[in-house]
Amino acid sequence: MDFEFFVNLLFSGLTRGSIYALLALGYTMVYGIVKLINFAHGEVYMIGAFTTLIMVSVLTILNLPILAIAVIAALVAIVWSAGYGYTLDKIAYKPLREAPRLSALISAIGMSLFLQNYVRLAQTSDFLPFPRFLPTVRFLDNYDGLSSSQFIIFTTTTVVMVILTIFIKFTRVGKSMRAAAQDRMMATLTGVNVNKTISVTFLIGSVTAAIGGILISAHVGQINFYIGFLAGIKAFVAAVLGGIGSIPGAVLGSFVLGLTESFGAGYISSDYEDVFAFIILVLILIFRPSGILGKPAAQKV
Amino acid sequence: MEVLKELRKSLLLALWFVVLTFPIMVIRVNTITDTIEWRWERAILMAVGSFVGSFLWKFLLARQEARKSRQTAKGSSEASDDGASAQKSLTERLLARLGWTRDTLREKKVAIPALAILGAIVIVFPFVTSIYQSNIMISALIYVILALGLNVVLGLGNMLHLGFAAFYAIGAYTYGLLNHYFGVGFWIALPLGAAASAIAGILLAIPVLRLRGDYLAIVTLAFGEIIRLLLVNLSGITMGPSGVKSISRPGLFGLDLSYTQAITYTYFICLALVIFTVFIVHRLENSRIGRQLVAMGEDDIAARAMGVNTSRAKLTAFALGAVWAGIAGVLFAAKTTFINPDSFKVWDSVLILCMVVLGGMASIPGVIAGALILILLPEYLRVFSDYRLLIFGAVLVIMMVFRPGGMIPKRRKAYKLRPEELQGSAAVPVGGGEGDAP
């Protein structure tokens with residue numbers, strides 16, 4: 001077990017962690033306000049990747065430079081994914097805001113199943129090659145521990161996190177999001193339009209999910225309709241690990257999960273890669289249900 | 001003006017959906033030949049579909065609103081929070097057309113001939129139809145058992161269990177492996193499979209005792225995946241992804257059965273087990289354990305305050321649910337004589353969930369109907385078999401939004417208050433009310 005192997009695992013773990021973080025943000029923000037596991041969140045990530053693939057293929061006709069195509073395609077995909085996130089909230093969750101939580105949860109699972117099969121039927125169930133359009137970063141040329149796509153994933157994730165933090169901390173909408181997460185009723189009473197805030201939350205969550213989907217697909221190089229489900233579940237695990245409802249917690253949890261998976265797969269057995277995430281989930285729920293950074297919630301009677 | 005406004009809204013909505021689904025519906029990329037296929041007809045289809053759909057959606061929403069407000073107007077204090085209690089079930093409305101009420105069905109005059117006819121059809125079925133039909137019916141019956149098992153956890157205990165297929169797998173693999181390595185027969189494996197599954201159920205329940213709702217759903221889902229991954233990866237024991245082959249069919253006192261006879265025999269075993277399951281689950285519903293579960297499902301803390309040992313109730317629910325899944329698993333292994341981990345994915349758990357939700361949580365006839373519909377309909381409507389999962393997903397959402405009680409909502413046992421003074425409805429609830437599925 002040499003050092004290079006360790007570094008490789010470290011970087012691959014950080015890559016996974018970044019992607020989980022981009023996804024987990026959506027889970028944790030939605031959960032914070034609506035108290036709902038948005039099972040269809042992983043599907044938005046998958047749709048982001050599919051839309052990008054389609055747009056790249058369409059734009060190739062225009063003979064633009066590859067980077068321009070990639071940027072336009074990614075922007076279109078992000079906008080469209082946000083549209084999907086917004087719409088699925090309106091259809092599947094909004095009518096159930098006052099219903100028992102179980103109903104909303106079942107509805108979320110239904111939506112996830114629906115979107116997966118919608119893409120499967122409208123597109124294909126095969127794996128599609130995804131264009132590796134991420135540019136190469138020059139200064140990494142003579143260092144092979146960290147690939148340039150990994151580097152781009154880290155930087156993008158960091159930038160997104162910083163923007164999001166600023167957004168939530170300092171803007172009006174961000175403030176209303178925090179208010180709604182704290183107490184929906186009270187937020188309404190103080191003049192926050194909670195419905196609009198929830199829509200914005202879904203939009204932001206979908207945008208970060210789509211960014212994650214595009215980045216990881218360009219890194220891995222292939223997609224199919226099923227990629228969103230497992231990624232979504234794991235990102236949720238990451239969000240729980242960090243403390244659901246807490247944004248820094250989601251990021252921390254994602255990196256912990258990504259590194260655990262990567263090292264577990266590297267040093268123990270790659271067959272059980274997926275099992276690690278679930279074992280962590282069970283352990284964290286037994287010993288610290290509120291997560292690493294979460295506050296233990298007292299049950300009101 | 002009102003109509004025009006609605007029309008404009010629906011048009012805009014249709015436009016929104018066309019634009020939204022445009023990249024995925026219309027454009028299709030062939031990555032091998034690098035060609036792009038434009039399927040414009042789909043955009044038009046989408047436009048028309050969402051236009052009509054939006055009206056349907058609005059109509060259904062309005063109807064539900066009206067129902068809700070009618071209920072509040074009636075001043076019934078026990079308006080259940082999902083608005084399901086005012087719903088009359090489909091069967092009830094159907095019966096009302098015939099001038100019957102729900103109670104007519106319980107009268108001996110009606111019930112006995114109806115049951116006799118049903119029984120006759122069910123018994124004659126494998127003899128008058130082909131093996132193919134019997135096989136389909138066997139899988140439908142297996143799913144009835146599974147759905148009734150999940151109903152104990154989901155319907156009574158109100159706990160969302162997304163790893164149910166894992167217990168099904170444990171039952172199937174118990175029989176498959178015992179048969180493969182030790183030649184154990186069906187009848188010995190049946191209780192063993194149920195026991196193994198129940199033990200797994202308890203093992204799962206212990207760590208999740210403190211969890212509720214969403215966390216429970218995600219942990220059970222994780223559990224289901226862990227079991228499946230173990231089945232795939234422990235290839236030394238389970239033969240991995242290629243699965244266990246040539247499992248023996250159920251034996252009948254050592255007689256040699258032909259293929260047709262074996263299928264017929266399996267059919268009757270399934271039938272008997274379904275009847276047994278219905279009997280037990282029905283008894284369970286009104287038993288002490290069942291009532292404890294319902295109380296816990298409705299409010300954990302209130303139930304504990306009333307002296308319900310919720311930990312034990314949870315363990316019991318998981319174990320009991322798992323028993324039926326284990327039995328169904330053994331039956332499945334005996335029916336197909338071949339099992340592999342692919343039959344026990346997350347979406348199989350969701351399919352079982354879909355049956356319970358479609359039929360009506362906690363309602364035994366509802367769950368049976370749900371299972372039969374979801375298995376038989378796609379078999380007979382082959383055209384739709386590709387769209388099966390798409391439709392299931394939509395069914396889950398639509399049922400939750402418009403009919404959270406399911407097709408045949410659960411009726412809580414209601415006690416009559418001097419029936420001679422009442423007109424109209426057959427039973428007036430006291431206290432607990434006519435609340436449906438929790």
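Select Leu283(A) to begin: with 12 C-beta neighbours inside 10 Å, this residue counts as exposed, because the cut-off for exposed is 12 or fewer. The model on screen is a predicted one. Leu283(A) sits in helix H11 of chain A, which covers residues 273-287. Now add Leu241(A) to the selection. The two leucines are 42 residues apart along the chain, and 9.6 Å separates their C-alpha atoms.

**Helix H1 of chain A and its partners**

Stay in chain A and select residues 3-34, helix H1, together with residues 194-220, helix H8. How do two packed helices get described? The angle between their axes and the distance between the axes are used. For H1(A) and H8(A), the axes come within 9 Å and cross at roughly 165°. That angle makes H1(A) roughly antiparallel to H8(A), because angles over 145 degrees count as roughly antiparallel. The crossing of H1(A) past H8(A) is left-handed. Colour the residues of this contact by type: 15 are nonpolar, nine are polar and none is charged.

Keep H1(A) and swap the partner for helix H10 of chain A, residues 247-268. Here the axes are 6 Å apart and the packing angle is about 145°. Is the crossing of H1(A) and H10(A) left-handed or right-handed? It is right-handed. The residues of the contact between H1(A) and H10(A) consist of 14 nonpolar, nine polar and two charged.

**The domains and core of chain B**

Move to chain B and colour residues 2-65 as domain 1 and residues 102-402 as domain 2, following the domain assignment. The C-alpha centres of these two domains of chain B lie 37 Å apart.

Next, look at the largest nonpolar core, which has 222 residues. Which of its residues touch the most other members? They are Ile145(B), Leu146(B), Ala147(B), Tyr168(B), Cys354(B), Met355(B) and Leu396(B). Select residues 310-336 of chain B as well: this is helix H14, and its 16 residues are the largest share of the core. Domain 1 and domain 2 of chain B both give residues to this core, so the core lies between them.

**Two loops of chain B**

Select Asn158(B), in the loop between helix H6 (131-156) and helix H7 (164-182) of chain B. Its phi is near 60°, a positive value in a residue other than glycine. Asn158(B) has 23 other C-beta atoms within 10 Å and is buried, because the cut-off for buried is 20 or more.

Then go to Ala362(B), in the loop between helix H15 (346-359) and helix H16 (364-380) of chain B. What is the phi of Ala362(B)? It is about 75°, a positive value, although Ala362(B) is not a glycine. Is Ala362(B) buried or exposed? With 29 C-beta neighbours inside 10 Å, Ala362(B) counts as buried.

**Last stop: Pro409(B)**

Finish by selecting Pro409(B), in the segment after helix H17 (388-402) of chain B. Pro409(B) has 27 C-beta neighbours inside 10 Å and counts as buried. Add Ala295(B) and draw a distance between the two C-alpha atoms. Pro409(B) and Ala295(B) are 114 residues apart along the chain, and their C-alpha atoms are separated by 18 Å.

Note on methods
Residues numbered from 1 in each chain as written. Chains lettered and ligands numbered in written order. Predicted model: local features only at pLDDT ≥ 70, side-chain atom pairs only at ≥ 80, totals over all residues. Axes fitted to C-alpha atoms, helices over the stretch in contact; angles between N-to-C directions. Helix = DSSP H or I, 4+ residues; strand = E, 2+ residues; numbered from the N terminus. Parallel < 35°, antiparallel > 145°, perpendicular 65-115°, else oblique. Left-handed = near helix turned anticlockwise from the far one by under 90°. Nonpolar A, V, L, I, M, F, W, Y, C, P; charged D, E, K, R; others polar. Core = buried A, V, L, I, M, F, W, Y, C linked by C-beta atoms within 7 Å. Domains from an automatic or database assignment.
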